[in-house]
Amino acid sequence: METQAAVETTPQPLHRKITKVIRKRTNQLMPPGTAGPALKQAVIMLRPDIQWTNPVMFVVELGAFLTLLFVVQAAFGHSASQIPITYFIALDVWLFLTVLFANFATALAEARGKAQAESLRRTRRDTVARRLSPTGTIEEVSSTHLKLGDTIVVEAGEIIPGDGEIIKGIASVDESAITGESAPVIRGAGGDRSGVTGGTRVLSDRIVVRITASAGESFLDRMIALVEGAIRQRTPNEIALTLVLSAFTLIFLIVVVPIWPMAWNAEQYMMGYLALQQPLHSLGTDVPTLVALLVCLIPTTIGALLAAIGIAGMDRALQANIIAKSGKAVEVAGDIDIVLLDKTGTITIGNRHATEFLPVEGYSATELGRLASLASAADETPEGKSIVSLFESDTQAPIAVPSGAEFIIFTAQTRMSGIDLAGGRRIRKGASDAIAQFVKEQGGTVAAEFQPLVDGVASRGATPLVVADGPRVVGVVALEDILKPAMRERFERLRQMGLRTVMITGDNPLTAATIAKQAGVDDFLAQATPEKKLEYIRKEQAEGKLVAMMGDGTNDAPALAQADVAVAMNAGTQAAKEAGNMVDLDSDPTKLIEVVEIGKQLLMTRGALTTFSVANDVAKYFAIIPALFASTLPWLKTMDIMHLHSPTSAILSAVIFNALIIPALIPVALRGVKYQPLGADALLRRNLMIWGLGGVILPFVAIKLIDVAMVSLRLAS
Amino acid sequence: MWILPISMLVITTLLAIPLSRYMTRIMDGKYKVPRFLGWFEQRLNSGPQNWKQYTASLLIFNTVLFVFGFVVLALQPRMPLNPQHKGLLAPTTIFHTVVSFMTNTDVQHYSGDVHFSNFTQIFFAFTMFFLSASIGFCALTMIIRALRSDSSVGNFFVDMWRVVVYMFLPICFVTAILFLQQGSPMTFKSFRQVSTLEPAAMGTLENGQPNPQTIVVGPVAAFVPIKQLGTNGGGFYGMNSAHPFENPTAFTNFLSCVAMMLFPFGLVLMFGRMLNRLKHAWLIFGVMMFFMVGTVVWAIYFDTLKPNPGLTAHPIARTYEVFNADAAGGKQAVILPAVAGLPVDQHLGNLEGKEMRFGTSAGATFAALTVDVTDGAVNAEHDSLNPIAGLSPYAGMWLNCFFGGKGVGMINMLLFVVIGIFVAGQMVGRTPEYLGKKIGSREMKLAMIALLVHPIMILLPTGLFAGTSWGMKAESNPGAHGFSQILYQFSSSSANNGSAFDGLGVAYGFNDNPNPAPMARQWDIASGLVILISRFLPIIAPMAMAAFLGAKKSSPFGLGTLRDDTSTFAFLLVGTIVIIGALLFLPVAALGPLAEHWGPLPFGG
């Protein structure tokens, strides 16, 4: 939308990239001080009532306890089998380790989140707030006692004690504590840049702020709780995946349980075949071994890492300086089809400046310039200032505003601003249709030559600003904007991700079309009003598309509330922040790209590890099945293509692989599978090769290596 | 050898293309019929139904079918067309037979020519063939309509009528004439008594005359077409399609194979046409064909091109060590002695249990095809297939989607599609979606239920019977082969396939049989229950799943959307099926066919 609004922003740095943002905070796998608490937490999480929430690992834990019973039984010499007790002990240790590794993954993700949250929390240490009482007196209270609706005063050098909205004054604010960006930004009352965040520092001037979130309930507080896992709710996709994993667990239980009678059947037959007097025992009727088989088959890898993946996703969002109000919002971001972007400040630098005065017949360029400058005399927007400065540099003389004049400020409804001179002369500047309307209302007519003039300006990508003097059109001021560099590449990246970009602008369709073409966006919405934006989003959603939008102004709020992923800028108004489901601390309009990537990464990581986990099972079968029946159907050894040392070493190798793969994949779970905008088909092919085919092949190699290692360490019997 | 299966598959595919077009027109209601047919159809039309009403109609119809079947079988002794006075079957066998026929399974714990009168054949078996065959057909049609978000999913009774009258009847009529021409009997007579060419072999009557042979006949030419076209597979004769009346010539054998594949092929394409996603359907068709060709090649390679291992030499003794507490060191050597080969020419492969009238590869081909499309008719003894060749029919039943039964095969494939998309499809970085509909937890719950039932119903009963006398006393050969017999019976039941491995003592016979198979009752009940559960849960759960999916908003295709008509998707689907199949059934495959294949001879018979 147009920022002919009152408050100016500091220009955003041009080449801000996510990588830079991320590097600002530590991205170590184990930030210092997280490993210890995570280990401790991993042990605490062995409690069955905690484990219960993760069905897959709960089954492993049950199996580990069941095996423990058999260890005890064997220790007292009541075991019926000839297998050494060391086998049972080793098996049980590795089963418990499997659970511990899983717990550690979750605990580590939470600890990282906490570390992340801690660095944020440091910015919100108790500060003294100076609260304005209704009577106008100022009292000093602790920031922790601030409540919704309190009014506070903050002066230069002070730290803003809580999230709020400026209701009076304008100030430059250092937000580096939360954004990492050192350049100060301007925040002021009344416009779309009125939001301030607790913990940031006022550098100049004095502002009055209305607190919009009670202490402990700010966005940041919510986010801290989310990354700490305290109020982490499972996302819809995570719930569905948990369900599928539980079903797989049940399926494998059903595969494993009947093996006992089947193996018994084989034992009975072989006893007859070998004419044995004593009963014959194979590992197929050995309960701990069947437990080991079950644990190897059920999707423990993804079951162990699922929670960590979700927490890490939120964490990554936070690293990109995005505060998501729920995990669901981040997940949905991966599904976005359409991205709505503001032209000004996103696609263009946003400092449109006047470059030419184009008068209609009967006026000179100087006269047009003078009238335009008069109309802009009170206009503090870059456009307004640039008109005045263009005129002044052309004529080498400052403009003089006659006394008794009244300024008309811009509103979204009139889409004009100007000046009413003492003599009743009404000078206006604004969009061509708005001015045409104005001229007609004043009883004038629009000259025929006027429209080609406007179109000419618009079609070269400049914005035509029309100036009227009462009922007469005076001419057109060409306002030109500069495209941000590298935007074309960014849109290309979005396109490769399968997203359609739509530029929203208050410009007329001709200008919009030219800029859209130059910038490489797929579509544009010109002369956008809040209603038009809302309508556009609804229309796309009716076609089943998911829409993401970034906004800052109060008039963006309805559209933000309607959009599926709505990122409000931190500098934006409270209404916008309430309506969105994420807040971008950097107030960077291109942040949507990162949000979408984080969402996609989240889903990809889950899919990749699930595929990997299931694909792993094939190799485990080839290790375990021959081992189960080594005493009864020895010729099944042909299946043992890995040529493992012995039945017990085969089973232990599989269990050890199954356990070790969990910590080995923690980095993947926490950092996420790399997303590349290749298009769905190429991406799927790539990931199927790595996680699917790789998941089938890797365990064959790894199990063999573990077996060889056990033999060389003389641990295998 | 290879020409036979290749020509069967090619010809069926070519026939299925126009047929699918016809089927689509019929099921979409775009047809005109003679007035009297329309009149009947109008009477059946109870109006548009939602998915719950449709499902309820389906279940009620099946209940009626069950009662009807039970009554017909129970009244066999009192009914006409029974000159041989065939008596009452054992109650458990009646239960099993009714369940088996109404679910299109047709596992037979009886022998058609011995135990059924022609009245029963016509009013029970023949009727069930038509009606049970249309159930899966209707279910798939409902699922398609739900998936394309139709306002109503159609009317179950109208769909039944359309399938039976507009599709099965005309095609069966043409096929029946071909069978008649080839020599299948078509008569209401029940038997003929003839003097055989070797009267001495039949013994003599009291009057000194040679004993005549009683040859059972009946309306076989009409019976067989729907048996095959409806993928029912329950034989008129106990010998099924190996019987010279049921399958008189190599041509009828060819025809039987084409007939059983025709509708399963056509339904996949109908799925694509009705959804307007023909390319996707062809991809599924391709994946199914890939597996079908795989099972056929496997069966032919290991059965027709490899000798019977029971007759071949193992020139070197093999030694294995097994644990044995009694033996010194806790280990005992199992020595498999060297075996000399028998002087048998084996260049034609394993000929045991084959019907040589049809050619050497016909038995293996038929065996693979009949399980792939859940027909269950057989023209060779599956018990006699080389052990490893037997894996092919097992695979067909375990995965049950290499075309599969009419409708249900495609439904099973849909489950694999949905599960594959859900697990691996996330790797494109979007919430998994199928046909533009996002797959949520409710859909996955239903898909997993449907997927779970089949392995449960195979593995748990197999374990139960293998570990108890119920199974051990029924197997004709102990050990790995006996285990295969038990496994096959439950696989065939759960897959609603109906083919029999043979060799298992499951037949009780008539109720007054003084000497029935010892565990026949247990088998009747267990197999019957498995059939029932594995029939209806995997139909109803996907119907609900499709209804929930269809109710969702459809999101448009984009660059970031997983495409379901690319080679990558085919790879994903094949991978899903192979891995899930292997994970579920590798242990039992090892204990049965693989143990027998690698094991010594004589081992397990």
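**Briefing: chains A and B**

Let's start in chain B, where Val574(B) sits in helix 18 (residues 567-598); helices here are DSSP runs of H or I with at least four residues, strands are E runs of at least two, and both are numbered from the N terminus. Heads-up: this is a predicted model, with local features needing pLDDT of at least 70 and side-chain atom pairs counting only at pLDDT 80 or more, while totals for chains, interfaces and linings use all residues. Residues are numbered from 1 along each chain as its sequence is written, and chains are lettered from A, ligands numbered from 1, in the order in which they are written.

**Around Val574(B)**
- Val574(B) is partly exposed, with 17 other C-beta atoms within 10 Å (20 or more would make a residue buried, 12 or fewer exposed, and partly exposed is in between, with C-beta atoms placed from the backbone).
- Leaving out residues up to four places away in sequence, Val574(B) touches Val287(B) and Phe290(B); contact is C-beta atoms, placed from the backbone, within 7 Å.
- Phe290(B) is 284 residues from Val574(B) in sequence, yet their C-alpha atoms are 8.8 Å apart.

**Chain A overall**
- Chain A has 24 helices and 22 strands.
- Its C-alpha trace spans about 125 × 60 × 40 Å along the principal axes.
- The radius of gyration of chain A is 34 Å, against near 27 Å for a compact globule of 717 residues (taken over C-alpha atoms, with the globule rule being 2.2 Å times the number of residues to the power 0.38).
- Buried residues make up 58% of the 717 in chain A.
- Of the contacts in chain A with a separation of 6 or more, 71% join residues 24 or more positions apart.

**Helix 23 of chain A**
- Helix 23 (residues 647-671) runs to 25 residues and reaches 37 Å from first C-alpha to last, close to the expected 36 Å (1.5 Å times one less than the number of residues).
- There's a bend of about 40° at Leu665(A), with Pro667(A) following within four residues; the bend is the angle between axes fitted to the seven residues ending there and the seven starting there.
- Because 19 of its 25 residues are buried, helix 23 is largely enclosed by the rest of the structure.
- Right after helix 23 comes Gly672(A), with a positive phi near 90°.

**Where A meets B**
- 72 residues of chain A are in contact with 66 of chain B.
- On the chain A side, helix 8 (236-256), helix 9 (259-274), helix 22 (591-628) and helix 24 (680-712) each supply at least two residues.
- Helix 22 gives the most, with 15 residues.

Key. Contact = placed C-beta atoms within 7 Å.
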